[in-house]
Amino acid sequence: MELKTPAVISTLLLSFLLTACSSIPQSDSADVNDPIEGFNRVMWEINYDYLDPYFVRPVSLGYVNYVPTPVRSGIANFLANLDEPHSMVNNLLMGNGEKAVTHFTRFFINTTLGIGGLFDIASEADITKYEEKTLGDAVGHYGVGNGPYVMVPAYGPWTLRETFDFADGLYVPLSYLNFWAGLGKWALEGMETRAALVSQEATLERSPDPYSLTRDVYLQRRDYTAEIERTQEGELDEDELDGYLDEF
């Protein structure tokens, strides 16, 4: 069983995405499927104003500051290695044969020479580390929309299309994880992600409507990972991105 990285943390990913993913297209807020926005905004306040500053953030920083770096690196490598098989399958479904082979190669090398994935030997050998691909990305690539957007209490942004992602936990080795092991993977990956975003918090804090900003960029990110082709009108170039960030 696998749980995804806590999306209460993903609410802060927009800061990283805005500064690092300039190739993500802009979306029209009028086209956003947010049928329960009132409820979602309440849940946003609970997640962002209470759960994150009083629990998620301090716990994440404590983990990063007090656990030795070699130990954290080994844990992160091991957990990332578990995602390689389903990323391989989903890339095959999306027609990304070369990436699928790379995911298989990384998994084989790191599982054998890297002692179960504790050491990222594949990266040391200059084998590209591609981001995870989920089944939700694969079906989205072929036209399945995100569906309704929901801000889940104590979790964060979620869309109906992400329901497909549960199938990724059926592949070995994730299929061997019980609920508690899956929860541990979710928490450890989430703490690393949250701690890495501390320097980006100001972008969110300066936004006049952080809920809408988070929602729009989260949905754009979902389409980006699904490799949905952009239209000319939807492209966002570097100058436009810089201007957008300057407004904050």
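Visitor: Does N91 count as buried or exposed?
Guide: The model is predicted, so local features need pLDDT of at least 70 and side-chain atom pairs count only at pLDDT 80 or more, whereas totals for chains, interfaces and linings use all residues. Residue numbers start from 1 along each chain as its sequence is written, and side-chain values rest on heavy atoms, with hydrogens and water left out. A residue is called buried under 20% relative accessible area, exposed over 50%, and partly exposed in between (1.4 Å probe, protein chains only). Because the relative accessibility of N91 is 0%, N91 counts as buried.

Visitor: Which residues are in contact with N91, leaving aside neighbours within four places in sequence?
Guide: N91 has its place in helix α5; helices here are DSSP runs of H or I with at least four residues, strands are runs of E with at least two, and both are numbered from the N terminus. A contact requires heavy atoms within 4.5 Å. By that criterion, the partners of N91 beyond its sequence neighbours are N96, K99, A100, H103 and K133.

Visitor: Against which helices do the buried residues of α6 pack?
Guide: Helix α6 covers residues 97-112, and its buried residues are A100, T102, H103, R106, I109 and N110. Two of the names in that list, A100 and H103, also appear among the contacts of N91. The helices packed against by the buried residues of α6 are α4, α5 and α7 (121-124).

Visitor: How far apart are the end C-alpha atoms of α6?
Guide: The expected span of a helix is 1.5 Å times one less than its number of residues. The 16 residues of α6 should therefore span 22 Å, and this agrees with the separation of its end C-alpha atoms, which is 23 Å.

Visitor: At what angle do the axes of α4 and α5 cross?
Guide: Two packed helices are described by the angle between their axes and the distance between the axes. Here the axes are lines fitted to C-alpha atoms, for helices over the stretch in contact, with angles running from 0 to 180 degrees between N-to-C directions. The axes of α4 (residues 69-82) and α5 (residues 84-93) come within 4 Å, and their crossing angle is roughly 35°.

Visitor: How do the residues of the contact of α4 with α5 divide by type?
Guide: On the α4 side A80, N81 and L82 take part, and they meet E84, P85 and H86 of α5. Ala, Val, Leu, Ile, Met, Phe, Trp, Tyr, Cys and Pro count as nonpolar, Asp, Glu, Lys and Arg as charged, and the others, Gly among them, as polar. The division is 3 nonpolar, 2 polar and 1 charged.

Visitor: Why is α11 described as largely enclosed by the rest of the structure?
Guide: Helix α11 occupies residues 210-225 and reaches 22 Å from its first C-alpha to its last. Among its buried residues are Y211, L213, V217, Y218 and L219, and also R215 and D216. The helix is largely enclosed because its buried residues number 12 of the 16.

Visitor: Which residue after α11 has a positive phi?
Guide: The residue in question lies in the loop between α11 and α12 (238-246). Its phi is near 55°, a positive value in a residue other than glycine. At 24% relative accessibility it counts as partly exposed, and it is E227.

Visitor: Which residue in the turn between β1 and β2 has a positive phi?
Guide: Strands pair if DSSP finds at least two bridges between them; β1 (residues 149-152) and β2 (residues 156-159) do so in the antiparallel sense over 4 bridges. V150 stands opposite W158. The two strands form a hairpin with 3 residues between them, and the turn residue with a phi of about 65° is A154.

Visitor: Which peptide bond is cis, with omega near 10°?
Guide: The proline of this bond lies in the loop between β2 and α9 (179-196). The cis bond runs from V172 to P173.

Visitor: What distance separates the C-alpha atoms of V64 and M191?
Guide: V64 is placed in helix α3 (residues 37-66). Not counting residues up to four places away in sequence, V64 touches R72, M191, E192 and A195. Although V64 and M191 are 127 residues apart along the chain, their C-alpha atoms are separated by 7.8 Å.

Visitor: What percentage of the residues of the protein count as buried?
Guide: The protein contains 12 helices and 2 strands. Of its contacts with a separation of 6 or more, 80% involve residues 24 or more positions apart. Of its 248 residues, the buried share is 43%.
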